[in-house]
Amino acid sequence: MIEYIIMIITIIGAIVTILQRDLLKAAVVSGITGACIAFLYEILLAPDVALTQAIVGAAIVPAFFALAIKKTKRTDD
Amino acid sequence: MVMDIQLASLFTAGALIIIGLYAAIFLDNIVKKVIGLNFIEDGANLFLIALGYKFGGVVPIYLPGMSRSWFYANSAYPLPHALVLTSIVIGASTLAVMLALVMVLYKKYHTLSTKVILGEDHE
């Protein structure tokens, strides 16, 4: 039952990321999607991929987006 | 009827690819387009991992005490795991290159809007 809840949180997180006006909030919410995909890899019997995705998808990718937004403009207009 | 977890994972991958394509094609901000491309990559990786899943199977690590024929019949398929592990890291590095190009575009045009950069904003 928990796996279906994680899939629904993944899709809802992606939609909320796309609909966000503030780009920094969009970066943080895309981190939620990456973490839920890491849990989904663990459920799908791939724990090594889950470790890599948990680091890359939940920490490094939002950090890259935050650095790029800091160098450019934050609001979406 | 309860849905199979493999089929539900494939639907999740398809939904992620569709959301990413929508963001990459129809949104105006260029950072949002890069976020959409990142979602497409996540969906493709999830599709490959979900293809290798086996219902009621075990993690593909051979432990002493398992018989070899039972392990071949019951473990998940480990080849997509090795390839997706590489694909995640390459995706992060290509994302860094894309964001560097976005920063160069902002330094040249002082905007993030695609219409202004392409010169389609006549008003």
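A residue counts as exposed if 12 or fewer other C-beta atoms lie within 10 Å of its own C-beta atom, as buried if there are 20 or more, and as partly exposed in between. In this predicted model, B:His110 has 10 C-beta neighbours inside 10 Å and therefore counts as exposed. The residue lies in the loop between α4 and α5 (114–118) of chain B, and its backbone has a positive phi of about 60° although B:His110 is not a glycine.

A positive phi is also found in chain A, where A:Leu45, likewise not a glycine, takes a value of about 65°. This leucine comes just after α2(A) and belongs to the loop between α2 and α3 of chain A. With 22 other C-beta atoms within 10 Å, A:Leu45 is buried, because the cut-off for that class is 20 or more.

The secondary structure of chain A comprises three helices and zero strands, so that, with helices defined as DSSP runs numbered from the N terminus, the chain reads α-α-α along the sequence. Helix α2 of chain A, which covers residues 23–43, contains 21 residues and extends 31 Å from its first C-alpha to its last, a span close to the 30 Å expected at 1.5 Å a residue. Along its principal axes, the C-alpha trace of chain A spans about 40 × 20 × 10 Å, and buried residues account for 39% of the 77 residues in the chain. Of the contacts in chain A between residues at least 6 apart in sequence, 50% join residues that are at least 24 apart.

A separation along the sequence can also be set beside a distance in space for one pair of leucines. A:Leu67 and A:Leu24 are 43 residues apart in sequence, while their C-alpha atoms are 9.7 Å apart in space. A:Leu67 is part of helix α3 (residues 47–71) of chain A, and this residue counts as partly exposed because it has 14 C-beta neighbours inside 10 Å, a number that falls between the two cut-offs.

The contact between the two chains takes 33 residues from chain A and 35 residues from chain B. On the side of chain B that touches chain A, α1 (5–26), α2 (30–51) and α4 (79–109) of chain B each supply at least two residues, and α4(B) gives the most, with 12 residues. By residue class, this side of chain B divides into 27 nonpolar, six polar and two charged residues.

Terms used: Residues numbered from 1 in each chain as written. Chains lettered and ligands numbered in written order. Predicted model: local features only at pLDDT ≥ 70, side-chain atom pairs only at ≥ 80, totals over all residues. Contact = placed C-beta atoms within 7 Å. Helix = DSSP H or I, 4+ residues; strand = E, 2+ residues; numbered from the N terminus. Nonpolar A, V, L, I, M, F, W, Y, C, P; charged D, E, K, R; others polar. Expected span 1.5 Å × (residues − 1).
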